[in-house]
Amino acid sequence: MGFYDIENNVEKYIDMARGFDGRELIEILKKHVPEGLSVLELGMGPGVDLEILSGFYDVTGSDNSKIFLDRFRNSHPDSKLIKVDIKNIKSNSKYDCIYSNKVLHHLTDDELKESLSQQKNILSSNGILFHAFWRGKDVEEMEGLLFNYHLAEDLKNIIGDMFEILEIESYKEMEENDSLYVVLRNTDDR
Ligand SMILES: C[S@@+](CC[C@H](N)C(=O)[O-])C[C@H]1O[C@@H](n2cnc3c(N)ncnc32)[C@H](O)[C@@H]1O
(Lines give C-alpha, C1' and ligand atoms only; values in the text may rest on other atoms or scores of the structure.)
Protein backbone atom coordinates (compact mmCIF):
# COMPACT_ATOMS: atom_id res chain seq x y z
CA MET A 1 0.00 0.00 0.00
CA GLY A 2 1.38 3.40 -1.02
CA PHE A 3 1.50 6.64 0.97
CA TYR A 4 -1.43 8.15 -0.96
CA ASP A 5 -3.55 5.02 -0.48
CA ILE A 6 -4.20 6.25 3.07
CA GLU A 7 -7.09 8.71 3.43
CA ASN A 8 -5.36 10.73 6.17
CA ASN A 9 -2.24 11.26 4.00
CA VAL A 10 -4.39 12.44 1.09
CA GLU A 11 -6.19 14.92 3.35
CA LYS A 12 -2.90 16.20 4.78
CA TYR A 13 -1.56 16.71 1.24
CA ILE A 14 -4.66 18.61 0.16
CA ASP A 15 -4.32 20.92 3.17
CA MET A 16 -0.62 21.46 2.60
CA ALA A 17 -0.94 22.14 -1.12
CA ARG A 18 -3.86 24.57 -0.76
CA GLY A 19 -3.00 27.84 -2.54
CA PHE A 20 -0.43 26.25 -4.88
CA ASP A 21 -1.13 25.41 -8.50
CA GLY A 22 0.61 25.00 -11.85
CA ARG A 23 -1.01 28.01 -13.53
CA GLU A 24 2.36 29.58 -14.44
CA LEU A 25 3.68 26.25 -15.72
CA ILE A 26 0.57 25.79 -17.85
CA GLU A 27 1.14 29.26 -19.38
CA ILE A 28 4.58 27.98 -20.48
CA LEU A 29 3.05 24.74 -21.73
CA LYS A 30 0.64 26.73 -23.90
CA LYS A 31 3.62 28.13 -25.85
CA HIS A 32 4.49 24.58 -26.92
CA VAL A 33 1.12 22.81 -27.16
CA PRO A 34 -1.71 24.37 -29.18
CA GLU A 35 -5.11 24.57 -27.48
CA GLY A 36 -7.53 21.73 -28.15
CA LEU A 37 -4.91 18.95 -28.23
CA SER A 38 -5.01 15.93 -25.89
CA VAL A 39 -3.13 16.08 -22.59
CA LEU A 40 -2.61 13.26 -20.08
CA GLU A 41 -1.74 14.41 -16.57
CA LEU A 42 0.26 11.93 -14.47
CA GLY A 43 -0.09 12.01 -10.66
CA MET A 44 -2.92 14.54 -10.74
CA GLY A 45 -3.47 14.34 -6.96
CA PRO A 46 -6.35 16.67 -5.98
CA GLY A 47 -6.74 17.70 -9.64
CA VAL A 48 -6.10 21.44 -9.31
CA ASP A 49 -3.88 21.54 -12.41
CA LEU A 50 -6.20 19.17 -14.29
CA GLU A 51 -9.02 21.69 -13.90
CA ILE A 52 -6.82 24.51 -15.24
CA LEU A 53 -5.61 22.32 -18.12
CA SER A 54 -9.22 21.42 -18.96
CA GLY A 55 -9.85 25.07 -19.85
CA PHE A 56 -7.50 24.70 -22.84
CA TYR A 57 -7.10 21.01 -23.66
CA ASP A 58 -8.88 17.68 -24.05
CA VAL A 59 -7.63 16.31 -20.74
CA THR A 60 -7.33 12.89 -19.14
CA GLY A 61 -6.35 12.80 -15.49
CA SER A 62 -4.47 9.95 -13.87
CA ASP A 63 -2.96 8.83 -10.60
CA ASN A 64 -2.20 5.50 -8.97
CA SER A 65 -4.08 6.52 -5.82
CA LYS A 66 -7.68 5.36 -5.99
CA ILE A 67 -8.50 7.84 -3.23
CA PHE A 68 -7.42 10.85 -5.33
CA LEU A 69 -9.21 9.47 -8.41
CA ASP A 70 -12.46 8.75 -6.53
CA ARG A 71 -12.47 12.18 -4.89
CA PHE A 72 -12.10 13.97 -8.21
CA ARG A 73 -14.63 11.71 -9.93
CA ASN A 74 -17.19 12.48 -7.22
CA SER A 75 -16.94 16.23 -7.79
CA HIS A 76 -16.39 15.99 -11.60
CA PRO A 77 -18.50 13.02 -12.78
CA ASP A 78 -17.90 13.78 -16.48
CA SER A 79 -14.10 13.83 -16.25
CA LYS A 80 -11.90 11.30 -18.08
CA LEU A 81 -9.78 9.58 -15.43
CA ILE A 82 -7.55 6.53 -15.59
CA LYS A 83 -5.45 4.69 -13.02
CA VAL A 84 -1.82 4.89 -14.16
CA ASP A 85 1.35 3.94 -12.30
CA ILE A 86 4.26 6.10 -13.45
CA LYS A 87 6.49 3.03 -13.02
CA ASN A 88 4.39 0.94 -15.39
CA ILE A 89 2.62 3.13 -17.97
CA LYS A 90 0.32 1.33 -20.36
CA SER A 91 -2.42 2.86 -22.48
CA ASN A 92 -4.15 2.06 -25.75
CA SER A 93 -4.49 5.79 -26.44
CA LYS A 94 -1.81 8.20 -27.61
CA TYR A 95 -1.60 11.74 -26.26
CA ASP A 96 -0.26 14.96 -27.78
CA CYS A 97 1.16 15.94 -24.40
CA ILE A 98 1.94 14.30 -21.06
CA TYR A 99 2.13 16.67 -18.08
CA SER A 100 3.08 16.23 -14.45
CA ASN A 101 3.70 18.61 -11.57
CA LYS A 102 5.88 17.30 -8.72
CA VAL A 103 5.28 13.61 -9.34
CA LEU A 104 8.30 12.06 -11.10
CA HIS A 105 10.62 12.92 -8.16
CA HIS A 106 9.08 9.86 -6.49
CA LEU A 107 11.16 7.72 -8.88
CA THR A 108 14.83 6.70 -8.73
CA ASP A 109 16.97 7.81 -11.69
CA ASP A 110 16.65 4.37 -13.30
CA GLU A 111 12.89 4.30 -12.78
CA LEU A 112 12.61 7.81 -14.24
CA LYS A 113 14.52 6.76 -17.35
CA GLU A 114 12.21 3.75 -17.76
CA SER A 115 9.10 5.87 -17.13
CA LEU A 116 10.18 8.39 -19.80
CA SER A 117 10.69 5.54 -22.24
CA GLN A 118 7.19 4.21 -21.45
CA GLN A 119 5.76 7.71 -21.87
CA LYS A 120 7.38 7.89 -25.29
CA ASN A 121 5.32 4.83 -26.31
CA ILE A 122 2.03 6.64 -25.63
CA LEU A 123 3.07 10.05 -26.99
CA SER A 124 2.13 11.10 -30.51
CA SER A 125 5.01 11.80 -32.87
CA ASN A 126 6.23 15.33 -32.14
CA GLY A 127 4.22 15.15 -28.89
CA ILE A 128 5.39 17.13 -25.87
CA LEU A 129 6.35 16.06 -22.35
CA PHE A 130 6.16 18.70 -19.63
CA HIS A 131 7.36 17.68 -16.16
CA ALA A 132 8.10 19.70 -13.03
CA PHE A 133 10.50 18.47 -10.33
CA TRP A 134 11.90 19.64 -7.02
CA ARG A 135 15.39 21.03 -7.75
CA GLY A 136 18.48 19.92 -5.83
CA LYS A 137 21.05 17.17 -5.36
CA ASP A 138 19.68 15.08 -2.51
CA VAL A 139 17.82 11.81 -2.42
CA GLU A 140 15.78 11.27 0.73
CA GLU A 141 12.92 9.21 1.97
CA MET A 142 10.13 10.70 4.07
CA GLU A 143 7.40 8.50 5.52
CA GLY A 144 8.20 5.85 2.91
CA LEU A 145 8.03 8.34 0.00
CA LEU A 146 11.13 8.85 -2.15
CA PHE A 147 12.19 12.44 -2.87
CA ASN A 148 14.76 12.39 -5.68
CA TYR A 149 15.80 16.00 -6.35
CA HIS A 150 17.29 16.91 -9.73
CA LEU A 151 19.61 19.48 -11.28
CA ALA A 152 19.39 20.32 -14.99
CA GLU A 153 22.61 18.43 -15.75
CA ASP A 154 21.53 15.14 -14.19
CA LEU A 155 18.11 15.36 -15.83
CA LYS A 156 19.83 15.89 -19.19
CA ASN A 157 21.83 12.70 -18.60
CA ILE A 158 18.69 10.74 -17.76
CA ILE A 159 16.83 12.08 -20.82
CA GLY A 160 19.80 11.23 -23.05
CA ASP A 161 18.76 11.17 -26.68
CA MET A 162 15.23 9.88 -26.01
CA PHE A 163 13.75 13.36 -26.55
CA GLU A 164 14.71 16.78 -27.86
CA ILE A 165 15.06 19.15 -24.90
CA LEU A 166 13.14 22.35 -25.72
CA GLU A 167 13.43 23.98 -22.28
CA ILE A 168 14.91 23.12 -18.91
CA GLU A 169 14.52 25.97 -16.41
CA SER A 170 14.53 26.64 -12.67
CA TYR A 171 11.55 28.35 -11.04
CA LYS A 172 10.15 29.20 -7.63
CA GLU A 173 7.45 27.12 -5.99
CA MET A 174 8.05 28.11 -2.36
CA GLU A 175 11.63 29.40 -2.45
CA GLU A 176 13.80 30.85 -5.22
CA ASN A 177 14.99 28.09 -7.64
CA ASP A 178 13.56 25.26 -5.56
CA SER A 179 11.99 23.71 -8.67
CA LEU A 180 12.81 22.78 -12.23
CA TYR A 181 10.64 22.14 -15.27
CA VAL A 182 11.49 20.41 -18.53
CA VAL A 183 9.79 20.60 -21.90
CA LEU A 184 10.69 17.69 -24.19
CA ARG A 185 9.66 16.87 -27.73
CA ASN A 186 9.20 13.41 -29.13
CA THR A 187 10.98 12.93 -32.39
CA ASP A 188 10.31 10.24 -34.97
CA ASP A 189 13.93 9.69 -35.79
CA ARG A 190 15.23 8.97 -32.25
C1 LIG B 1 3.30 15.57 -4.51
S2 LIG B 1 1.79 14.90 -5.14
C3 LIG B 1 1.47 16.03 -6.51
C4 LIG B 1 0.02 16.05 -6.89
C5 LIG B 1 -0.35 17.06 -7.97
N6 LIG B 1 0.38 16.85 -9.19
C7 LIG B 1 -0.15 18.46 -7.48
O8 LIG B 1 0.57 19.23 -8.13
O9 LIG B 1 -0.73 18.81 -6.45
C10 LIG B 1 2.36 13.44 -5.95
C11 LIG B 1 1.26 12.70 -6.68
O12 LIG B 1 1.87 11.63 -7.40
C13 LIG B 1 1.09 10.46 -7.21
N14 LIG B 1 1.99 9.31 -7.33
C15 LIG B 1 2.97 8.93 -6.49
N16 LIG B 1 3.53 7.79 -6.91
C17 LIG B 1 2.89 7.45 -8.07
C18 LIG B 1 3.00 6.37 -8.98
N19 LIG B 1 3.90 5.40 -8.80
N20 LIG B 1 2.17 6.35 -10.05
C21 LIG B 1 1.25 7.32 -10.24
N22 LIG B 1 1.09 8.38 -9.41
C23 LIG B 1 1.90 8.43 -8.33
C24 LIG B 1 0.49 10.61 -5.84
O25 LIG B 1 -0.65 9.78 -5.65
C26 LIG B 1 0.18 12.10 -5.80
O27 LIG B 1 -1.07 12.37 -6.36
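In this predicted model, the ligand sits in the largest pocket, meaning that more than half of its atoms lie within 2 Å of the grid points of that pocket. A pocket here is an open set of points on a 1 Å grid over the protein atoms alone, where a 1.4 Å probe fits, with protein on both sides within 12 Å along at least five of seven lines; lining residues have an atom within 4 Å of a point. Local features need pLDDT of at least 70 and side-chain atom pairs 80 or more, while totals for linings use all residues. Residues are numbered from 1 along each chain, and hydrogens and water are left out.

The largest pocket holds about 1300 Å³ of space, taken as the space filled by probe spheres set on the points. Of its 47 lining residues, Tyr4, Tyr13, Lys102, His106 and Leu145 are the closest to the centre. Helix α1 (7–17) gives the most to this lining, with six residues.

Turning to the ligand itself, 18 residues surround it, and Tyr13, Gly43, Asp63, Asp85 and Asn101 come nearest (near: a heavy atom within 4 Å). Several polar contacts (N or O atoms within 3.5 Å) involve nitrogen atoms of the ligand: a polar side-chain atom of Asn64 lies at 3.2 Å, a polar backbone atom of Ile86 at 2.9 Å, and a backbone N or O atom of Asn101 also at 2.9 Å. Of the 590 Å² that the ligand exposes when taken alone, the protein buries 90% (Shrake-Rupley method, 1.4 Å probe).

Notes
Helices (H or I, at least four residues) and strands (E, at least two) are DSSP runs, numbered from the N terminus. A polar contact is a pair of N or O atoms within 3.5 Å; within protein, one must be able to donate a hydrogen and the other to accept it, and residues adjacent in sequence count only if both atoms are side-chain atoms.
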